[in-house]
Amino acid sequence: WRSFKVMKSVERLAQEERERNEAKAAARDNRKRKKKKKHQQKEELSEEVLEKEIIRKYRIQEWKRKELKLVSQYWIVFAALSIWDDYADQFARFIPFYYTLKFALLSFLFFPQLNGPE
């Protein structure tokens with residue numbers, strides 16, 4: 001009877017050991033699957049991030065191009081007015097509100113909401 005009990009307890013211990021090993025293997029497989037899934041998501045995410053970054057850089061470049069165009073036009077008009085102002089100073093005193101009109105024109109050119117240079 002004793003040997004039967006010992007055999008049963010050995011079988012029970014062996015069964016528990018098998019179950020633990022199976023649980024460990026299942027947990028290992030789950031970790032591998034999660035890791036693989038996470039890696040795939042990371043690749044997809046990196047592709048999306050890369051695409052968004054490219055689009056953002058293009059928009060920034062487009063914005064810089066428009067901004068550069070407006071600023072260039074402003075400074076060209078400002079330089080032309082400054083040169084004209086140096087030579088035409090003696091005639092400017094005969095034009096009423098010359099400096100007020102010049103200020104209004106430069107303000108109109110300066111503010112981008114007004115689209116002055118265009």
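# Briefing: a three-helix chain

Phe97 sits in the loop that runs between helix 2 (89–92) and helix 3. The model here is a predicted one, and its chain has three helices and zero strands. Along the sequence that reads as α-α-α. Of the 118 residues, 11% count as buried, and the accessible surface adds up to about 11200 Å², with 61% of that belonging to carbon and sulfur atoms.

**The loop before helix 3**

- What is odd about the backbone at Phe97? Its phi is positive, about 60°, although Phe97 is not a glycine.
- For context, most residues other than glycine have a negative phi.
- Phe97 counts as exposed because its relative accessibility is 64%, and the cut-off for exposed is over 50%.

**Helix 3, inside and out**

- Helix 3 covers residues 98–110, which makes 13 residues. From first C-alpha to last it reaches 18 Å, close to the 18 Å expected at 1.5 Å a residue.
- Which residues of helix 3 are buried? They are Tyr98, Lys102, Leu106, Ser107 and Leu109.
- Looking down the axis of helix 3, those buried residues fall within an arc of 165°, so they line one face of the helix.
- The face turned away from that buried side carries Leu101 and Phe103, both exposed.
- Phe110 also lies in helix 3. With a relative accessible area of 52%, Phe110 is exposed, since the cut-off is over 50%.

**Nonpolar surface patch**

- Val77, Leu105, Phe108, Phe110, Phe111 and Leu114 make up a nonpolar patch on the surface. Together these residues have about 530 Å² of accessible area.
- Which element gives this patch its largest share? That would be helix 3, with three residues.
- So Phe110 turns up twice in this briefing: as an exposed residue at 52% relative accessible area, and as one of the patch members.

**Aromatic pairs**

- How many aromatic pairs does the structure hold? There are three.
- One of them is Trp75 with Phe78, an edge-to-face pair at 5.3 Å centre to centre and 85° between the planes.
- Trp75 and Phe78 both belong to helix 1 (residues 2–87) and are three residues apart, about one turn of the helix.
- As a general point, an α-helix has 3.6 residues a turn, so residues three or four places apart point the same way.
- Phe78 counts as partly exposed, its relative accessibility being 28%.
- Another pair, Trp84 and Tyr98, is tilted, with 5.8 Å centre to centre and 45° between the planes.
- Which parts of the chain does the pair of Trp84 and Tyr98 link? It links distant ones: Trp84 is in helix 1 and Tyr98 in helix 3, 14 residues apart.
- The partners differ in how they are covered: Trp84 has 42% relative accessibility and counts as partly exposed, whereas Tyr98 has 10% and counts as buried.
- The cut-off for buried is under 20%, so Tyr98 at 10% qualifies.
- Ring pairs also tie Trp84, Tyr98 and Tyr99 into a cluster.

**Salt bridges**

- How many salt bridges does a search of the whole structure find? It finds two.
- In one, the side chains of Arg12 and Glu16 meet, with 4.0 Å from N to O.
- Arg12 and Glu16 are four residues apart in helix 1, so about one helical turn separates them.
- Glu16 is partly exposed at a relative accessible area of 35%.
- In the other, the side chains of Arg20 and Glu17 meet at 2.8 Å, N to O.
- Arg20 and Glu17 are both in helix 1 too, three residues apart, which is about one turn of the helix.
- Are the partners in this bridge buried, partly exposed or exposed? Arg20 is partly exposed with a relative accessible area of 46%, and Glu17 is partly exposed with 37%.
- More broadly, side chains of opposite charge can pair when their charged atoms come close.

Terms used
Residues are numbered from 1 along each chain as its sequence is written. This is a predicted model: local features need pLDDT of at least 70, side-chain atom pairs count only at pLDDT 80 or more; totals for chains, interfaces and linings use all residues. Side-chain values use heavy atoms; hydrogens and water are left out. Helices (H or I, at least four residues) and strands (E, at least two) are DSSP runs, numbered from the N terminus. The expected span of a helix is 1.5 Å times one less than its number of residues. Buried means under 20% relative accessible area, exposed over 50%, partly exposed in between (1.4 Å probe, protein chains only). The arc is that of the directions from the helix axis to the C-beta atoms. Rings of Phe, Tyr and Trp (its six-membered ring) pair if their centres lie within 6.5 Å; planes under 30 degrees apart count as stacked, over 60 as edge-to-face and the rest as tilted. Patches are made of residues with over 30% relative accessible area and no salt bridge: like charges are joined within 9 Å, nonpolar side chains (Val, Leu, Ile, Met, Phe, Trp, Tyr) within 5 Å. Accessible areas come from the Shrake-Rupley method with a 1.4 Å probe; for residues, only the protein chains shown count as cover.
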